[in-house]
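Subject: A structure for you to look through

Hi there,

Here is the structure I promised to pass on. Have a look around it first, and then read my notes below alongside it.

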Amino acid sequence: MSEQRTLDREEPNYFGAGPALLPTSVLQQAAYDLISYEGDNIGIGEISHRSKPAIKVIDDTKVNLAKLLNIPDTHEVFFMQGGGTTGFSSIAYNLFASYAKKTGKKGRAAYAVTGSWSKKSSEEAERLGFDIDVVVNTKSENFGNIPPYSEWKPIGKDTAYLYVCDNETVHGIEFKDIPGADYLPEGVELVADMSSNILSKKIDVSKYGVIMAGAQKNIGLAGLTIYIVKKSLLEQAADDELRQLNIPLSPIAFHYPTVVKNNSAYNTIPIFTCYILKLVTDKLLQEGGIQHMEDVNKQKAKILYEALEAYPEFYSLPVTNAKVRSNMNVVFRLPSEELEAKFIKEAADRKLAGLKGHRSVGGMRASIYNAVSLESVQALVDLVNDFAKANA
């Protein structure tokens with residue numbers, strides 16, 4: 001006899017960095033709707049991306065994001081296939097085209113390299129043929145700090161945008177503020193990759209030219225990326241002008257004006273993935289919005305960092321500047337790889353999963369995204385305390 005299956009599950013204590021944990025209630029609703037959506041005999045994943053129900057999913061998700069982030073009328077919200085890596089290239093293509101429209105020049109781009117993802121983004125822009133300037137690079141410090149803006153290189157002339165990765169998942173670094181007018185020249189757009197901390201804290205969207213966020217780390221499934229773009233940046237030079245300026249053309253599927261004109265459905269958007277975003281944002285709105293989520297996230301990070309800092313001879317924190325430690329990805333090391341393996345095993349015995357660090361840096365990483373409960377983090381804190389007392 002085959003095992004009888006249900007949509008119920010024991011609440012997981014899962015700390016994976018992405019794809020990451022989603023609320024059980026969201027997955028349960030989505031599972032039913034995957035079979036039959038709104039009383040039809042087909043599911044949400046089978047309907048046309050240009051049908052009325054699909055367009056409503058897109059529109060409702062955009063409205064939810066606008067409410068949660070207080071997005072001003074100056075900015076447009078849309079979705080594209082892919083993830084953060086797709087964003088690396090789409091941002092360069094589109095912002096250089098916008099700068100060319102505004103100035104008649106090819107321009108340059110400034111990149112802050114504060115971790116592996118911003119490093120990859122700068123390398124991709126350069127690989128595609130764009131001129132870039134790295135204004136700060138903390139690789140020599142093992143990406144363990146974000147220096148004050150006063151220590152960054154000045155932004156050069158003819159710069160279209162400054163790119164930052166707001167939260168670096170691999171190295172556990174997070175920006176807690178943004179460059180002000182004393183560093184960022186007027187007319188240079190601030191561009192942020194918020195793939196791993198979108199909807200985790202309040203932000204002032206009006207300060208950004210572009211916010212890009214792959215959904216699979218903090219609020220959804222892989223396959224879809226959120227873009228919040230200043231509407232003025234949708235005005236771009238024509239293809240012939242771009243060719244004359246030796247500016248690479250964006251693939252049409254990632255051309256922001258085309259995507260916006262077609263309400264995110266120029267090509268076949270993954271509607272089921274967008275629907276997950278709608279359900280997650282519905283839940284966030286019902287539970288008190290971003291301020292509530294930020295308060296919970298700060299509390300989760302506080303109790304975990306305090307537990308680790310209580311044993312400085314046993315746990316080491318690679319992010320040397322406590323002021324820029326991530327509230328989403330807490331990275332730490334133990335005295336030996338043997339003890340790290342033992343920690344992982346004991347975690348598994350307590351049903352705590354997803355704690356192994358990124359393969360490029362090793363160690364431990366607890367990703368405590370929105371869907372990870374305070375109770376799960378407390379269970380990890382208990383392990384941190386018990387393990388240190390037993391093995392120090």
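Let's start with helix α10, which covers residues 374–391 and so has 18 residues by the helix assignment. From its first C-alpha to its last it reaches 26 Å, close to the 26 Å expected at 1.5 Å a residue. Keep in mind as you read that this is a predicted model.

Which residues of α10 are buried? They are Ser376, Val377, Leu380, Val381, Leu383, Val384, Asn385, Phe387, Ala388 and Asn391. If you look at what covers them, you will find two other helices, α8 (289–309) and α9 (337–349), among the elements there. The cover also includes the strands β1 (13–14), β12 (352–353) and β13 (364–367).

Next, try α4, at residues 116–127. This helix has twelve residues and reaches 16 Å between its first and last C-alpha, close to the 16 Å expected at 1.5 Å a residue. Its buried residues are Ser116, Ser118, Ser121, Ser122 and Ala125. Among the elements covering them are α3 and the strands β3 (108–113), β4 (132–137), β5 (159–165) and β6 (167–168). Just after α4, you can find glycine 129 with a positive phi of about 105°.

How do α3 and α4 sit against each other, and at roughly what angle do they cross? The axes of α3 (residues 84–103) and α4 come within 9 Å and cross at roughly 45°. The two helices are therefore oblique to each other, and α3 passes α4 in a right-handed crossing. On the α3 side, the contact is made by Thr85, Phe88, Ser89 and Ala92. On the α4 side, Trp117, Lys120, Ser121, Glu124 and Ala125 take part. The residues of this contact divide into four nonpolar, three polar and two charged.

Another helix pair to look at is α1 (residues 24–35) with α7 (residues 271–286). They pack at an angle of about 140°, with their axes 10 Å apart. That angle makes α1 oblique to α7, because only angles over 145 degrees count as roughly antiparallel. The crossing of α1 and α7 is right-handed. In α1, the residues Ser25, Val26, Gln29, Ala30, Asp33 and Leu34 meet Phe272, Tyr275, Ile276, Leu279, Val280 and Lys283 of α7. By class, this contact has eight nonpolar, two polar and two charged residues.

Enjoy exploring!

Best wishes

Notes:
Residues are numbered from 1 along each chain as its sequence is written. This is a predicted model: local features need pLDDT of at least 70, side-chain atom pairs count only at pLDDT 80 or more; totals for chains, interfaces and linings use all residues. Side-chain values use heavy atoms; hydrogens and water are left out. Helices (H or I, at least four residues) and strands (E, at least two) are DSSP runs, numbered from the N terminus. The expected span of a helix is 1.5 Å times one less than its number of residues. Buried means under 20% relative accessible area, exposed over 50%, partly exposed in between (1.4 Å probe, protein chains only). Contact means heavy atoms within 4.5 Å. Axes are lines fitted to C-alpha atoms, for helices over the stretch in contact, and angles run from 0 to 180 degrees between N-to-C directions. Angles under 35 degrees count as roughly parallel, over 145 as roughly antiparallel, 65 to 115 as roughly perpendicular and the rest as oblique. A crossing is left-handed if the near helix is turned anticlockwise from the far one by less than a right angle, and right-handed if clockwise. Ala, Val, Leu, Ile, Met, Phe, Trp, Tyr, Cys and Pro count as nonpolar, Asp, Glu, Lys and Arg as charged, and the others, Gly among them, as polar.
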